[in-house]
Amino acid sequence: MRDQRAWWRNLTDCSRPANMPSSHPNRLPPAPPPSSATATMKANRSRDTKPELALRRALFAQGLRYRVGMRLTVPGKNVRPDIVFTRRKVAVFVDGCFWHGCLQHGRMPSDPSGYWHEKLERNKARDTAVNQALRAAGWTVVRVWEHAPVHESAAAITAALNSTTIPESH
């Protein structure tokens, strides 16, 4: 463990240019040190997770049809929501407790370098920016937590769909 800390300290000291302060706002933290936690977190799926599949099954059973993994281009951003209702312009994100900082279940990993803390904070900031960009482009954004009961998540999405109108075609 002591060798790993020395390796990490060495990496962080020499990876930063001398003229760039460590608190530079655009500076990404260095890659995390090799560990079993890093391997585990890299193995997490980004789509077709169990909570997402359960939600999609429930929505399909209600007769709702949607797109999966569809890229939306809004000014300044390319966004890929988990579920997209194109005609109603509703984008649904199923947020994982760890990656998106759930206050109830999210747990900050013990990491002396601060890499994961910065990473999770960037994820939260990106979520906020994506929400703002989609709303500015006329989309309704629904974010549900992976731990929320499927029927509650489906009800929230249905409510969002019912509150939007289908634009008339010309």
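**Figure 1. Strand β5 holds Asp-95.** In this predicted model, Asp-95 counts as buried, at 5% relative accessibility. The side chain of Asp-95 makes a polar contact of 2.9 Å with the side chain of Arg-143. Leaving aside residues up to four places away in sequence, Asp-95 touches His-100, Asp-127, Arg-143, Val-144, Trp-145 and Glu-146. Arg-143, the polar partner of Asp-95, also lies over the face of Phe-93, at 4.1 Å from the ring centre.

**Figure 2. The largest nonpolar core of the protein has 13 residues.** Leu-55, Leu-59, Phe-85, Val-92, Val-142 and Ile-157 are those with the most contacts inside this core. At least two core residues are supplied by each of α3 (50-61), β4 (83-85), β5 (90-95), β6 (140-145) and α6 (150-163). Helix α6 gives the largest share, four residues. A second core, of eleven residues, lies apart from the largest one and includes Val-74, Val-84, Leu-134 and Trp-139. As general background, nonpolar side chains in soluble globular proteins tend to be buried together.

**Figure 3. Val-92 is one of the residues with the most contacts inside the largest nonpolar core.** When residues up to four places away in sequence are not counted, Val-92 touches Leu-55, Pro-81, Asp-82, Ile-83, Phe-85, Val-142 and Ile-157. Among these neighbours, Leu-55, Phe-85, Val-142 and Ile-157 are likewise listed with the most contacts inside the core.

**Figure 4. Ring pairs link Phe-98, Tyr-115 and Trp-116 into a cluster.** The structure holds three aromatic pairs. One of them, formed by Tyr-115 and Trp-116, is edge-to-face, with 4.9 Å centre to centre and 85 degrees between the planes. Both Tyr-115 and Trp-116 are buried.

**Figure 5. The charged end of Arg-65 sits over the ring of Phe-60.** The distance from the charged end of Arg-65 to the centre of the Phe-60 ring is 3.6 Å. A further arginine, Arg-143, lies over the face of Phe-93, where the distance from the ring centre is 4.1 Å.

**Figure 6. Cys-97 and Cys-102 are shown with their sulfur atoms, 3.9 Å from each other.** The closest cysteine sulfur to that of Cys-97 is in Cys-102, and the separation of 3.9 Å is too far for a bond. A disulfide would require the two sulfur atoms to be within 2.5 Å, and therefore this pair, at 3.9 Å, does not qualify. Cys-102 is accordingly in no disulfide, and its nearest cysteine sulfur is that of Cys-97. Cys-97 is buried, with a relative accessible area of 6%, and Cys-102 counts as buried at 5% relative accessibility. A search of the whole structure finds zero disulfides.

**Figure 7. Lys-89 has a positive phi in the loop between β4 and β5.** The phi angle of Lys-89 is near 55 degrees, a positive value in a residue other than glycine. For context, most residues other than glycine have a negative phi. Lys-89 is partly exposed, with a relative accessible area of 26%.

**Figure 8. Gly-76 lies in the loop between β2 (72-74) and β3 (77-79).** Gly-76 is exposed, with a relative accessible area of 83%. Between the C-alpha atoms of Gly-76 and Ala-133 the distance is 7.9 Å, although 57 residues separate the two in sequence.

**Figure 9. Helix α3 contains Arg-57.** Arg-57 counts as exposed, at 57% relative accessibility. Arg-57 and Val-150 are 93 residues apart in sequence, and the C-alpha to C-alpha distance between them is 9.5 Å. Helix α3 (50-61), in which Arg-57 is found, also supplies at least two residues to the largest nonpolar core.

**Figure 10. The setting of the close-up views is a protein with six helices and six strands.** Along the sequence, these elements follow the pattern α-α-α-β-β-β-β-β-α-α-β-α. Of the 170 residues in the protein, 31% are buried. Among contacts between residues at least 6 apart in sequence, 57% join residues at least 24 apart.

Note on methods:
Residues numbered from 1 in each chain as written. Predicted model: local features only at pLDDT ≥ 70, side-chain atom pairs only at ≥ 80, totals over all residues. Heavy atoms only, no water. Core = buried A, V, L, I, M, F, W, Y, C linked by side-chain atoms within 4.5 Å. Buried < 20%, exposed > 50% of the residue type's maximum accessible area, 1.4 Å probe, protein only. Contact = heavy atoms within 4.5 Å. Polar contact = N/O pair within 3.5 Å; in protein donor to acceptor, adjacent residues only side chain to side chain. Phe/Tyr/Trp six-rings, centres within 6.5 Å; stacked < 30°, edge-to-face > 60°. Lys NZ or Arg CZ within 6 Å of the ring centre and 35° of its normal.
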